[in-house]
Amino acid sequence: VKAELEIRMQAHAGKPIGVVVRTASEMQAVLDANAFPKANPRLTYAIFLDEPPPSDSLIHARGRKDEDMRLGKREIFVYYPSGMGGSKLRIPAAKTGTARNMNTVAKLVEIASR
């Protein structure tokens, strides 16, 4: 599925586009594993990766202000208390990932469960 989507996205966009695929149960597991369950879900993100993040991923993060980060199985969870839009946080291990806030993750879980 991943390879087929990447081929189609490249054909459409004219450049390589990375795709991250999760099953419905994997998405539920990400929602359940949210490292910041008491934080505002609009400000809490899961950065989805193809592989588990290296254990030293957070050490290499740059531009940190007030953000908090935790590693997941194939995700990096980030809480942006001041919002993601103005953040200068850069996590090299997340460069090829895609981020979704926990509200979106919950909605995707809902859609996938139908």
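What share of the 114 residues of the protein chain counts as buried? The answer is 29%, and the views below take you through this predicted model piece by piece.

**View 1. The whole protein chain, with three helices and four strands.** Following the sequence, you will meet these elements in the pattern α-α-β-β-β-β-α. Along the principal axes, the C-alpha atoms fill a box of roughly 40 × 35 × 25 Å. For 114 residues, a compact globule would have a radius of gyration near 13 Å, and the 15 Å of the protein chain agrees with that. Contacts between residues at least 6 apart in sequence often reach far: 63% of them join residues at least 24 apart. The accessible surface comes to about 7,300 Å², and carbon and sulfur atoms hold 55% of it.

**View 2. Helix α1 and the glycine that follows.** Helix α1 covers residues 2-13. Its twelve residues, at 1.5 Å a residue, should span 16 Å, and the end C-alpha atoms are indeed 16 Å apart. Just after α1 comes G14, with a positive phi near 80°.

**View 3. An open sheet of four strands in the order β2-β3-β1-β4.** The pairing in this sheet is antiparallel. Strands β2 (68-71) and β4 (98-101) stand at the edges with a single partner strand each, so one side of each has no neighbour in the sheet. On average, neighbouring strands are turned by 25° against each other, direction ignored.

**View 4. Strands β1 and β3 side by side.** Five bridges join β1 (residues 44-48) to β3 (residues 75-79) in the antiparallel sense. To find your bearings, look for T44, whose bridge partner in β3 is Y79. Helix α3 (residues 102-112) packs on the sheet, where α3 touches β1 and β4. The direction of α3 makes about 90° with that of β4.

**View 5. A99 and its surroundings.** A99 belongs to strand β4. Is A99 buried or exposed? It falls in between: a residue counts as buried under 20% relative accessible area and as exposed over 50%, so A99, at 23%, is partly exposed. Leaving aside residues up to four places away in sequence, A99 touches Y45, A46, I47 and M84. For a sense of distance, try P81 as well: A99 and P81 are 18 residues apart in sequence, and their C-alpha atoms are 16 Å apart in space.

How values were computed:
Residues numbered from 1 in each chain as written. Predicted model: local features only at pLDDT ≥ 70, side-chain atom pairs only at ≥ 80, totals over all residues. Heavy atoms only, no water. Pairing = 2+ DSSP bridges. Helix = DSSP H or I, 4+ residues; strand = E, 2+ residues; numbered from the N terminus. Axes fitted to C-alpha atoms, helices over the stretch in contact; angles between N-to-C directions. Contact = heavy atoms within 4.5 Å. Expected span 1.5 Å × (residues − 1). Buried < 20%, exposed > 50% of the residue type's maximum accessible area, 1.4 Å probe, protein only. Rg over C-alpha atoms; globule rule 2.2 N^0.38 Å. Areas by Shrake-Rupley, 256 points an atom, 1.4 Å probe, with all protein chains shown as cover.
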